[in-house]
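Here is a short set of exercises to work through with the model open beside you. Try each task yourself before reading its solution.

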Amino acid sequence: MQNYPQFLAEQLSTNNYVALTDHFVSVQGPDAKKLLQGQLSCDIDTMTTEKAKFGTASTPKGRLYSIFLITAWRDGYLLKLRKDMTETLVNTLSKYAVFF
């Protein structure tokens, strides 16, 4: 599996721009790990910058509202997801971020 942060850096540095159909969401900060571990289906504790994992986000009733690819990136995490799922995920994470 390709290292997405490296792929993006390479594309931007060589001026080989690509039209992206997906959105990227960055979650940064000292409590990013705690926030995401409580809200997402994947194990954030085992996340590295070398591998990306698929994960989901669901409502408290268990209804799926987002599927994404996530990797550790800089001081936090980078999620790649479909454009139509971005707003719901960001709004939900923002709602819980105030507690961290």
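The exercises below concern a predicted model, and they go from the whole chain to one helix and then to the strands.

**Exercise 1. The overall build**

Task: Work out the order of the elements in the protein, and how its radius of gyration compares with the globule rule.

Solution:
- Start with the count: the protein has three helices and four strands.
- Now read from the N terminus, where the order is α-β-α-β-β-β-α. The radius of gyration is 14 Å, close to the 13 Å given by the globule rule for 100 residues, so the protein is as compact as a globular protein of that length.
- For the dimensions, the C-alpha trace spans about 45 × 25 × 25 Å along its principal axes.
- Next, look at burial: 32% of the 100 residues count as buried, that is, they have under 20% relative accessible area.
- Finish with the surface, where about 6,600 Å² is accessible and 54% of this belongs to carbon and sulfur atoms.

**Exercise 2. The two sides of a helix**

Task: Find which residues of helix α2 are buried, and which exposed residues lie on the face turned away from them.

Solution:
- Take α2, residues 32-39, and pick out its buried residues: A32, L35 and L36. Around the helix axis they cover an arc of only 90°, which is why they lie on the same side of α2.
- The spacing rule helps here: an α-helix has 3.6 residues a turn, so residues three or four places apart point the same way.
- Turn to the face away from the buried side, and you meet the exposed residues K34 and G38.
- Last, ask what covers the buried residues of α2. The cover includes the strands β1 (22-28), β3 (64-73) and β4 (76-82), together with helix α3 (83-97).

**Exercise 3. A strand with two partners**

Task: Describe how β4 pairs with β1 and with β3, and find the residues that pair with K80.

Solution:
- Begin with β1, which runs antiparallel to β4 and is joined to it by seven bridges. In this pairing, F24 stands opposite K80.
- Move to β3, which is also antiparallel to β4, with six bridges between them. Here L69 has K80 as its bridge partner.
- Put the two together: K80 is opposite F24 and is also the partner of L69.
- Follow the chain from β3 to β4: the two strands form a hairpin with two residues between them, and R74 in the turn has a positive phi of about 50°.
- Check burial to close: five of the seven residues of β4 are buried, making this strand mostly covered.

Conventions. Residues are numbered from 1 along each chain as its sequence is written. This is a predicted model: local features need pLDDT of at least 70, side-chain atom pairs count only at pLDDT 80 or more; totals for chains, interfaces and linings use all residues. Side-chain values use heavy atoms; hydrogens and water are left out. Buried means under 20% relative accessible area, exposed over 50%, partly exposed in between (1.4 Å probe, protein chains only). The arc is that of the directions from the helix axis to the C-beta atoms. Contact means heavy atoms within 4.5 Å. Two strands pair if DSSP finds at least two bridges between them. The radius of gyration is taken over C-alpha atoms; the globule rule is 2.2 Å times the number of residues to the power 0.38. Accessible areas come from the Shrake-Rupley method with a 1.4 Å probe; for residues, only the protein chains shown count as cover.
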